[in-house]
Amino acid sequence: MSIGRAIPHESAEGHVTGAALYTDDLVGRYPGCLHAWPVAGMHAHARVLAVHAEDALAMPGVVTVLDAKDVPGENDVGPAKKDETLFPTEIVYWGQPVVWVLAETEEAAKMAALTVRVDVEALPAITSIEQAIEQGSFHTEPGVIARGDAEGALARATHTLSGELFVGGQEHFYLETHASIASVDEAGSVLVQSSTQHPTETQEIVARVLDLPKNQVVVQSLRMGGAFGGKETQANPWAAVAAIGCVKTGRPVRVRLDRMRDFTMSGKRHPFLGRWRIGFDDDGRIEAYDLELFSDGGFSLDLSAPVLHRALFHADNAYYVPHMRVVGRVCKTNACSHTAFRGFGGPQGMIMIEDAIDRIARDRGLPPSAVRERNFYRAGHTTHYEQPLDQADRVARIWGELKASSDFEARAGAIEAFNASSPDRKRGLAITPVKFGISFTAKWYNQAAALVLVYKDGSVQVNHGGTEMGQGLHTKMLQVAAHALGVPLDVVRVMPTRTDKVPNTSATAASSGTDLNGAAVLAACETIRERLAEVAGRVLGTDPGDLVFRDGVVARVDGHGPTASFAEVVSRAYFDRVPLSATGFYRTPGIHFDEKAGRGKPFHYFAYGAAVAEVEVDRFTGMYALRRVDILHDVGDSLSPLVDRGQVEGGFAQGVGWLTQEELWWAPDGRLGTVNASTYKLPTIGECPEEMHVTLLPRATEPGVVHGSKAVGEPPFMLAFAVREALREAVAAFAGRPKLVELASPATAEQVYWAIERLSRGGAVAEEAAQ
């Protein structure tokens, strides 16, 4: 039984021993490979007047300097619309590559790049969301989803509050930076090794810049050392540079960004500015909610439109709001093009209502946990875009079970006693829910294909369109295939993802990799198993419907009669001329959305979870310790519990980083100041909770999904809201029961300190402002 077994990641041993190879490790297989290095523009916005590369070209080891004249096709790599010039005549963000040096060694390319002079004319730059709003600089028109009469309900509401929250971005900080290697064969076809989540799109962009049909370009994604959304579209420019270089020189070309350039040249999680108004009754029940969202898209559109739309979809989190309006717009700034990141806009939309609910609770003098629970979705409710919640009761079920297992009420009392006796250190406890929709919001991406090959010795090769970035997708595909064919796991091999094996793939994103590719692999394996059952039936003299494939053996369901090994049946099928390969295809059923009406069913289902977090904060420094975390998360019937648990823990930790530590600092001139691990603070083992309990929700089958499982990649990220709210509770404890506790995002130790100071010095003012 392969499904539901807690097995290690299929490459775990390779990861820890260093045997697992990544894109840049393959350079030794390409003799004569050239190394590319960028010449960057040091302005946020400027017109390129001239590029002087003569000195660079004269240096030893330098082969050429790539510029726009070397592009056989279109000089653009924009995925959403053609708005990303590869070799620009106008610099649109600080650090943008202008030309690329190709040399025999990376060191030679770096040294030569320093000698290239770029003459520019500086132009006015927009470097913040506020500036973009003021100057009317937008990528999109306003997007709106509304239900009921939010404006009228706010006017009629018993109480109203309003607020504004800026939410910072986040660097992906995958361990493997962007990398590509391109080579050209004797027929002029190009092979690109790329650290990409979306090999098909990388293939399309490379074909575009080379002016080749797609069948002349093959992209392989061996594995990635992390991605988190940052390699969904943004692997494309580096693959394009490598491809142009190899076509020009006839030699393989390698592009690998160092950490500083990866920081500077690739997009982040979108910063958001939210402005909200909320109406509620005496008991804290929400009557109306009006939210205006602005995201910083950077210089190009990239994936910013669907990121914003997912923020609009998730602005309710797990709460029913009878009258609700959410409006969003993508700002155009002179920053790197912000892109996909775990949660894809969902976290930025959800944090706004969590902020508002805390305000409601303090205004009414109620526990925030009680106000949250009071506003949960219930059976029969629909979302603000009118999608029914088939499992609305699951929110309350998780909440109740987690409060009991975490001993929430008793601990809250103990913390209150501790705080009363501790003037300089305070503790906070909070519980928050998560509801997250699963599917690509672009309907056409909700499809997948697979190619499964069975060889005469009974060994199996699986090809599918998903990419492996450490999340365990290949592990789950191994389990799905082995279970479907009734063979041991070691009989199955999952191949690197290639566009010449499975074409027209969707990105491995939106937490849908297992749902889509697992269903496609299952379909292909079932086709082969049905064929083999006919063969086995003849061999064993049994009706094919009475046979079971298990542990590499084909036998009768009742256990009586002769048996045959899987390999024996396969061998007989070959001699009987029965095909031993099959394709599988899957498309998500029943999803639709009318963007103009703001109505539909954009998600196949929802994943749910909740977390309890306890923190302790120091009054004099704002520094804090995460004392304990309890999580109960819904992954359906887990395909691979060890992998799923790792995703829950990792997603939560990454969310804690975004909300409490990872602060991107941009200078007024548009330069990014946090460009490496010495200036950008990532969570470490020291920030992990002293005590952590993670439980996967039992009895949670999801009908219509492969083996009843649910997606797990993104939803756990938002469990980290519990840490932010626990910090707020601890800050509030320094000032009694203030009606307003403002907390920046990220809530760094510095920001926590200043939040305490504001309450200590101006608590009365803060209380008056909240009334």
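This report walks through the inside of a predicted model, from its nonpolar cores to its rings and a few unusual backbone spots.

**The nonpolar cores**

Let us begin in the interior. The largest nonpolar core has 151 residues, and the members that touch the most others are I278, Y289, M352, L532, F566 and F652. Helix α15, which spans residues 513-540, gives this core its largest share, 13 residues. Apart from this core there is a second, separate one of 35 residues, with Y93, V217, I244 and M265 among them. A general tendency fits here: in soluble globular proteins, nonpolar side chains tend to be buried together.

M352 is a good residue to click on. Setting aside neighbours within four places in sequence, M352 is in contact with L165, V167, F272, L273, G274, W276, Y289, L291 and L293.

**A helix with a buried side**

Next, find helix α3, residues 106-115. Which residues of helix α3 are buried? They are E106, A108, A109, A112 and A113. These residues lie on the same side of α3, because they cover an arc of only 155° around the axis. It helps to remember that an α-helix has 3.6 residues a turn, so residues three or four places apart point the same way. The buried residues of α3 pack against several elements: the strands β1 (34-41), β3 (62-66), β5 (96-103) and β12 (253-256), and the helix α2 (54-57).

**Rings that meet**

Now look for aromatic side chains. The structure holds 20 aromatic pairs. One of them joins F313 and Y385 edge-to-face, with 4.9 Å from centre to centre and 75° between the planes. F313 belongs to helix α9 (residues 304-313), while Y385 sits in the loop between α11 (368-374) and α12 (393-405), so this pair ties together parts that are 72 residues apart in sequence. Both of these residues also belong to a cluster in which ring pairs link F313, Y385, F593, F603 and F606.

Another pair is formed by W444 and Y445: the ring centres are 5.8 Å apart and the planes are at 50°, so the pair is tilted. How buried or exposed are the four residues of these two pairs? The table shows their relative accessible areas.

| Residue | Relative accessible area | Status |
|---|---|---|
| F313 | 1% | buried |
| Y385 | 0% | buried |
| W444 | 59% | exposed |
| Y445 | 24% | partly exposed |

Rings can also have a charged group over them. The charged end of K110 sits over the ring of W37, at 4.8 Å from its centre. R259 lies over the face of F173, and here the distance to the ring centre is 4.1 Å.

**Unusual backbone spots**

Finally, follow the backbone. As background, most residues other than glycine have a negative phi, and most peptide bonds are trans. Three places in this model are worth a look with that in mind.

- The peptide bond from S745 to P746 is cis, with omega near 10°. P746 is in the loop between α18 (721-733) and α19 (749-770).
- N317 is not a glycine, yet its phi is positive, near 45°. N317 lies in the loop between α9 and β15 (323-331), and it is buried, with a relative accessible area of 0%.
- D407, also not a glycine, has a positive phi of about 55°. D407 is found in the loop between α12 and α13 (408-421) and is partly exposed, with a relative accessible area of 43%.

Notes. Residues are numbered from 1 along each chain as its sequence is written. This is a predicted model: local features need pLDDT of at least 70, side-chain atom pairs count only at pLDDT 80 or more; totals for chains, interfaces and linings use all residues. Side-chain values use heavy atoms; hydrogens and water are left out. A nonpolar core is a set of buried Ala, Val, Leu, Ile, Met, Phe, Trp, Tyr and Cys residues joined through side-chain atoms within 4.5 Å. Buried means under 20% relative accessible area, exposed over 50%, partly exposed in between (1.4 Å probe, protein chains only). Helices (H or I, at least four residues) and strands (E, at least two) are DSSP runs, numbered from the N terminus. Contact means heavy atoms within 4.5 Å. The arc is that of the directions from the helix axis to the C-beta atoms. Rings of Phe, Tyr and Trp (its six-membered ring) pair if their centres lie within 6.5 Å; planes under 30 degrees apart count as stacked, over 60 as edge-to-face and the rest as tilted. A charge sits over a ring if NZ of Lys or CZ of Arg is within 6 Å of the ring centre and within 35 degrees of the ring normal.
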